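Take a walk through this protein, one part at a time. Keep the sequence beside you as you read.

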Amino acid sequence: MRLTPEGPALQPVWYEAPFEKGWIDICAVDVFKTMVFLQQGDQPVRHDGAPAPDGTAPLDDGILKAEDTLQQDWEWDRRFTPSGGAYFAFPYSDLWREAVVRCLVKWALRQGYTIPVIGYWPAGVKAVAHLSHDSDLNIDASAETTLDLLKPFAVNSTWCMMEPGYSPHIYERVKEAGHELALHYNALEEQNGKWDRREFRRQYHWLKEVAALDGVTSNKNHYTRFEGWGELFAWCEECGIEVDQTRGPSKGGDRGFVFATCHPYKPIAWHDEENRIYDLLEIGFLTQDLDLSDYWGKSDIVFPLLDQVERVEGVAHFLFHQVHIHNSESVRKALKTLLAEAIQRGMPWWTSQQINRWERARRSVRIEKGSISAVEAELDVTSDTGLKRGVIHIPLEERAEYGQVTRRWGVPCLSIVTDIAPGTTSLKMELNQGEGAR
Ligand SMILES: [Zn+2]
């Protein structure tokens with residue numbers, strides 16, 4: 001029997017059971033497994049996935065790729081844009097994370113404790129936008145068109161380079177303009193690529209050499225080619241590549257949150273590597289080449305996607321190929337509209353390097369100990385690399401009458417904005433003033 005949203009409720013998702021002197025809060029869903037399945041699939045990629053019944057996403061294309069172990073339902077998990085394009089509409093995984101944090105925060109408060117939580121982005125930034133390009137046909141003029149288009153917007157992007165690449169002077173111009181050069185690993189057999197550890201390494205060294213780079217932060221696979229479980233992530237680790245951005249839609253009909261997340265996350269290994277966490281951030285993309293063709297769909301998808309990314313405070317990652325920017329007036333127009341829309345919403349355009357640096361610094365922050373009274377809060381915060389204008393949310397009891405509070409996870413929060421230095425910092429804050437830490 002296929003379960004449907006209209007079917008009878010099976011049982012409550014969250015419920016409480018008394019236990020000895022206290023209680024146990026139970027979630028009927030295996031949340032963390034659900035998140036991993038949504039983000040990485042339920043098994044290694046060994047076969048093509050099932051196509052969308054409406055023909056919009058033929059995953060059975062004879063090419064192994066990230067979506068072949070897609071966990072979402074073509075019928076129930078897609079919505080339609082105003083122009084009628086089907087897309088995966090919700091970052092379920094990010095919403096589950098928020099639900100777990102909400103529980104922890106509430107349970108702690110109920111016990112008379114509080115759990116401070118580091119904000120996702122610097123103070124004042126709700127969500128971040130990210131633009132990447134894949135060099136596919138490697139036409140120099142298409143790189144120049146892209147540079148010229150981005151310049152008036154002062155937006156920096158991440159340029160994933162595939163062999164044989166651009167002429168050397170293009171790399172210099174790309175670097176001078178402040179953009180990031182990254183790898184576009186080609187493992188597509190039809191185009192002389194190969195899914196192979198040594199081949200990945202060879203292409204990485206090729207890029208370092210031709211573009212005169214000390215290192216490469218980021219990779220995206222051509223055609224979102226993907227195989228197995230964590231092989232690609234391990235190859236990235238071996239080369240010191242800290243970001244992968246391969247996991248996104250390769251078909252028009254699975255645009256949007258195809259892997260249910262817009263947050264950078266570290267993938268988990270299969271049991272053969274004892275479920276270790278890879279030292280790699282996955283930053284998946286949401287769409288390709290808006291308004292290129294009917295197949296790739298219209299750019300009106302941008303608005304619901306940006307709304308959802310802001311809702312969960314994630315990264316709105318859009319992929320545009322330089323060659324399509326060069327050849328298509330409608331793609332150029334869609335890109336300009338997108339750049340302006342994110343800027344207007346206050347979402348900064350960050351390269352993958354910037355996102356990587358911030359996210360790793362944020363993950364290194366730990367709150368070692370702290371205390372809170374009616375008049376002041378004290379926290380010892382440690383960090384490996386430091387964090388500029390970080391935000392620390394301190395959930396408070398509902399009845400407490402403090403100064404300025406924000407509301408998060410359904411409770412009042414004191415939100416402290418502070419520069420966190422490398423090492424240990426002691427923060428002290430008077431609660432009735434609501435202004436930054438001393
Ligand atoms: Zn490509």
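Start with a rule for metal sites: four donors count as tetrahedral if all angles lie between 85 and 135 degrees; four count as square planar and six as octahedral if opposite donors are over 155 degrees apart and all others between 65 and 115; anything else is irregular. Donors are N, O and S atoms within 2.8 Å of the metal (3.2 Å for Na, K and Ca), and water is not among the atoms, so sites may look incomplete.

The model is predicted: local features need pLDDT of at least 70, side-chain atom pairs count only at pLDDT 80 or more, and totals for chains, interfaces and linings use all residues. Residues are numbered from 1 along each chain as its sequence is written, and side-chain values use heavy atoms, with hydrogens and water left out.

How confident is the predictor? pLDDT is its confidence in each residue, from 0 to 100. The mean pLDDT of the protein is 94. Of its residues, 97% reach 70 or more. Residues 433-438 are a stretch where pLDDT stays under 50. For these residues the model has 13 contacts beyond four places in sequence. Contact means heavy atoms within 4.5 Å.

Now find the zinc ion. Which residues coordinate the zinc ion? They are Asp136, through OD twice, His184 through NE2 and His222 through ND1. The distances are 2.1 to 2.6 Å. The four donor atoms subtend angles of 53 to 141° around the zinc ion, so the arrangement is irregular. Ideal angles at a metal are 109.5 degrees for four tetrahedral donors. In sequence, the donor residues follow the spacing D-x47-H-x37-H. Histidine 184 lies in strand β8 (residues 180-185), while histidine 222 sits in the loop between β9 (218-221) and α6 (231-239). The pair therefore ties together parts that are 38 residues apart in sequence. Helices (H or I, at least four residues) and strands (E, at least two) are DSSP runs, numbered from the N terminus.

Are these histidines buried or exposed? Buried means under 20% relative accessible area, exposed over 50%, and partly exposed in between (1.4 Å probe, protein chains only). Histidine 184 is buried, with a relative accessible area of 1%. Histidine 222 is buried too, at 6%.

Next come the sheets. Two strands pair if DSSP finds at least two bridges between them. One open sheet has four strands in the order β5-β17-β19-β18, with antiparallel pairing. β5 (117-118) and β18 (406-408) stand at the edges, each with a single partner strand, so one side of each is left without a neighbour in the sheet.

Follow the pairs across. Two bridges join β5 to β17 (residues 387-395). Isoleucine 118 has isoleucine 392 in β17 as its bridge partner. β17 and β19 pair over seven bridges. Here glycine 390 is matched with threonine 418 in β19 as its bridge partner. Seven of the ten residues of β19 are buried, so β19 is largely enclosed by the rest of the structure. Three bridges link β18 and β19. These two strands form a hairpin with two residues between them. In its turn, tryptophan 409 has a positive phi of about 50°.

Helix α2 (residues 92-110) lies across β5, β17, β18 and β19 (411-420). Helix α2 runs at about 105° to β19. Axes are lines fitted to C-alpha atoms, for helices over the stretch in contact, and angles run from 0 to 180 degrees between N-to-C directions. Helix α10 (residues 352-363) also packs on the sheet, touching β5 and β17.

Another open sheet has three strands in the order β15-β16-β20, again with antiparallel pairing. β15 and β20 stand at the edges, each with a single partner strand, so one side of each is left without a neighbour in the sheet. Neighbouring strands of this sheet are turned by 15° against each other on average, direction ignored. Six bridges join β15 (residues 366-372) to β16. Lysine 369 stands opposite aspartate 380 in β16, and serine 371 stands opposite glutamate 378. Eight bridges join β16 to β20 (residues 423-430). What about β16 (residues 376-383) itself? Six of its eight residues are buried, so β16 is largely enclosed by the rest of the structure.

Finish at helix α7 (residues 302-312). Its buried residues include Val302, Leu305 and Val309. The buried residues of α7 pack against elements including β4 (86-88), α2 and α9 (329-344). Just after α7, glutamate 313 takes a positive phi of about 60°.

How values were computed
pLDDT = per-residue confidence, 0-100.
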